[in-house]
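Visitor: I am new to this structure and should be grateful for a close look at one part of it. Please take me through the strands and how they pair.

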Amino acid sequence: MQETKKYFYQPDLTSAIIDWSWTLLILIAGLVVWLEITHFQWISAVLIAIFLILTFFGIQRRTVSVTPQAMTFSRLLQRDFLVVPLKDIRQPRFTKHTMTMTVNGEVMTYTFSHRSIVDLQRILKNS
């Protein structure tokens, strides 16, 4: 039986800033519509609801599942998952909250909690 562990992640800093800025832009549009019309409109409620849904998915759907053979990254709005075999990971580097790895010549950087980083270091050392 394969042991699967799940961790929450955020993409590298540049991508995270861009993603969260677009998400925040939806909230700002809802607030602007609300304040421009001077009373709360249904379109404002829809935009704020979309913001809340995207925020929830942005936090809860970005997970990585680690098995003894591979790491599977689920992404926010993409149907296909990114599957990285552990044997293809080269030069893993860890800081307090980030993991940078090279896979097939592509450098990938992800942000994790400190506890997740410690677990991932242990898993990659053992593989």
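Guide: Please bear in mind that this is a predicted model. A suitable place to begin is strand 3, residues 63-66, which runs antiparallel to strand 4, residues 70-73, and is joined to strand 4 by three bridges. Between strand 3 and strand 4 there is a hairpin of three residues. One of the paired positions can be named: S65 has T72 of strand 4 as its bridge partner.

Strand 3 also holds T63. This residue counts as buried because its relative accessibility is 12%, and the cut-off for buried is under 20%. Beyond its neighbours within four places in sequence, T63 is in contact with Y7, F8 and Y9, and also with T72, F73 and S74.

Strand 4 has a further partner in strand 5, residues 82-85; four bridges link strand 4 and strand 5, again in the antiparallel sense. Here M71 is matched with V84 of strand 5 as its bridge partner.

Attention may now turn to an open sheet, in which four strands follow the order 2-8-7-6 with antiparallel pairing. Its edges are strand 2 (10-11) and strand 6 (89-94), each of which pairs on one side only. Strand 6 is joined by four bridges to strand 7, residues 98-103, and the two are antiparallel. Within this pair, the bridge partner of R93 is T100 in strand 7. Across strand 6 and strand 7 lies helix 3, residues 114-126, which runs at about 145° to strand 6.

Conventions: Residues are numbered from 1 along each chain as its sequence is written. This is a predicted model: local features need pLDDT of at least 70, side-chain atom pairs count only at pLDDT 80 or more; totals for chains, interfaces and linings use all residues. Side-chain values use heavy atoms; hydrogens and water are left out. Two strands pair if DSSP finds at least two bridges between them. Buried means under 20% relative accessible area, exposed over 50%, partly exposed in between (1.4 Å probe, protein chains only). Contact means heavy atoms within 4.5 Å. Axes are lines fitted to C-alpha atoms, for helices over the stretch in contact, and angles run from 0 to 180 degrees between N-to-C directions.
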